[in-house]
Amino acid sequence: MNIPFLDLRRLNEPYLDAIADATRRVVYSGRYIGGDEVERFESSLADYCGVAHVAGVSNGLDALRLIIEGYKAIGRLRAGDEIIVPANTYIASILAITAAGLHPVLVEPSEDTLNIDSRLIEAAVTERTRAIMTVHLYGRTAWDDIMRDTALRHNLIVIEDNAQALGALSPTPGLNGGRHTGALGHAAAFSFYPTKNLGAMGDAGAVATDDAELAAAVRALANYGSDRRYHNIYQGYNCRMDPMQAAVLSAKLPGLDADNERRRAIAAIYDAEITRPDIILPAISDPAETIYHQYVIRIDGDRDRFRRLLADKGIGTDIHYAVPPHLQPCYAGRFGGPYPVTEKIARQAVSLPIAPYLSDDEAHYIASTINTCL
Ligand SMILES: *Cc1c(COP(=O)(O)O)cnc(C)c1O
């Protein structure tokens, strides 16, 4: 067998006709910036997650940055404020914080969930802490009673980095009672990067919030800072979502739940069939709680060799992420550390193929090859 880590063409093939119809519709609309197509996707996503406002934007990093800049614009955050964020996140979470002139305070993940260890948040709060950025890493919801209570006790803004978990639910209700990731805190950022569970044909992202004032600030900031035509209230950016991407996303959103269900089925095969004692599987959760953006195992041994042996059997793997943000050259030495749990995960993690197009046979083959390729 030959199973690349992720084949984007195979991923999108089931949507080919719907995507072709959608892109044709955009060409014939004659409207290539903003307009109905973007608004339609925004309201579908708002309905899906159960939030009042969604603003389509250029990508996930910009979505995160616009949330922080939006809160600055309406006087709720200031340069120099601290935001608590998991140390093992993808670097974009942290880039958004530093780009806006705020300070990330890194907190270690739990070795069980690989999400921020909510028991450690309280100790990281200082008099400058204004927000928690919770990251639903690998598609697993990062929200619980402890995080909720800590946020409420210290009056912290909760920002969700929901780039990886669209469609996941939380056992603990969000601040407004909702259960969908993207509707748990005060504002959420989404990415539709092509490899994400809902992927565009290029870059796209979104901001979701129930806060009308924040939503208006984000929309204005993403559109040159203008609240109406030729009237600029902020020194803004150009971070809009293209109607072409919105149309593609509208074509694919109806298939998201089935795709996520298929990912869970493949994960269940791995959970049941990978039995090597030197491999740690993802902790089992309530199935609704994770949509397996990645299926990340950890190997206590020679990771490079393990990946090479799998590659020899036609199985592609990847690493999310080999170098944590605090050890990247751009941040070297700035965030203290060490962060031993984060660094250990970075040394051990291997992502297995988990795309919804995989057949049961392919998943069985991957599991049995892992068990025997010693
Ligand atoms: C992908 C991703 C982002 C950034 O999204 P882009 O659309 O690629 O800018 C941010 N945070 C996390 C956790 C991500 O996985």
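**Figure 1. Tyr-292 in the predicted model.** At 8% relative accessibility, Tyr-292 falls in the buried class. The residue sits in the loop that links E10 and E11. Its phi is near 45°, a positive value in a residue other than glycine. The model shown here and in the following views is predicted.

**Figure 2. Tyr-224 in the loop between H8 and E8.** Helix H8 covers residues 212–222 and strand E8 covers residues 226–228, with Tyr-224 in the loop between them. Phi of Tyr-224 is positive, at about 65°, although the residue is not a glycine. Most residues other than glycine have a negative phi. Tyr-224 is partly exposed, with a relative accessible area of 45%.

**Figure 3. Cis peptide bonds ending at Tyr-321 and Pro-338.** The bond from His-320 to Tyr-321 is cis, with omega near 5°. A cis bond also runs from Gly-337 to Pro-338, where omega is near 0°. Tyr-321 belongs to the loop between H11 and H12, and Pro-338 is likewise placed in the loop between H11 and H12. Most peptide bonds are trans.

**Figure 4. Gly-314 and its contacts with Met-1, Asn-2 and Ile-3.** Gly-314 is found in the loop between H11 and helix H12, the latter formed by residues 340–348. With a relative accessible area of 14%, below the 20% limit, Gly-314 is buried. When neighbours within four places in sequence are left aside, Gly-314 is in contact with Met-1, Asn-2 and Ile-3. The C-alpha atoms of Gly-314 and Pro-324 are separated by 28 Å, and the two residues are 10 apart along the chain.

**Figure 5. Leu-352 in strand E12.** The relative accessible area of Leu-352 is 0%, and the residue is therefore buried. Outside its neighbours within four places in sequence, Leu-352 is in contact with Phe-5, Tyr-270, Ile-274, Tyr-295, Ile-297, Thr-317 and Ile-370. Among these partners, Tyr-270 is one of the buried residues of H10, and Ile-370 is one of the buried residues of H13. Asp-144 is 208 residues from Leu-352 along the chain, and their C-alpha atoms are 27 Å apart.

**Figure 6. Helix H10 and its cover.** The 18 residues of H10 should span 26 Å at 1.5 Å a residue, and the end C-alpha atoms are 26 Å apart, which agrees. The buried residues of H10 are Leu-256, Asp-259, Asn-260, Arg-263, Arg-264, Ile-266, Ala-267, Ile-269 and Tyr-270. An α-helix has 3.6 residues a turn, so residues three or four places apart point the same way. The cover over the buried residues of H10 includes helix H3 (36–49), helix H9 (243–252), strand E11 (295–299), E12 and H13.

**Figure 7. Helix H13 and its cover.** H13 comprises 13 residues, 360–372, and reaches 18 Å between its first and last C-alpha atoms, close to the 18 Å expected at 1.5 Å a residue. Buried in this helix are Glu-362, Ala-363, Ile-366, Ala-367, Thr-369, Ile-370 and Asn-371. The elements that cover the buried residues of H13 include helix H1 (8–12), helix H10 (256–273), strand E10 (279–280), helix H11 (303–312) and strand E12 (349–352).

How values were computed. Residues numbered from 1 in each chain as written. Predicted model: local features only at pLDDT ≥ 70, side-chain atom pairs only at ≥ 80, totals over all residues. Heavy atoms only, no water. Helix = DSSP H or I, 4+ residues; strand = E, 2+ residues; numbered from the N terminus. Expected span 1.5 Å × (residues − 1). Buried < 20%, exposed > 50% of the residue type's maximum accessible area, 1.4 Å probe, protein only. Contact = heavy atoms within 4.5 Å.
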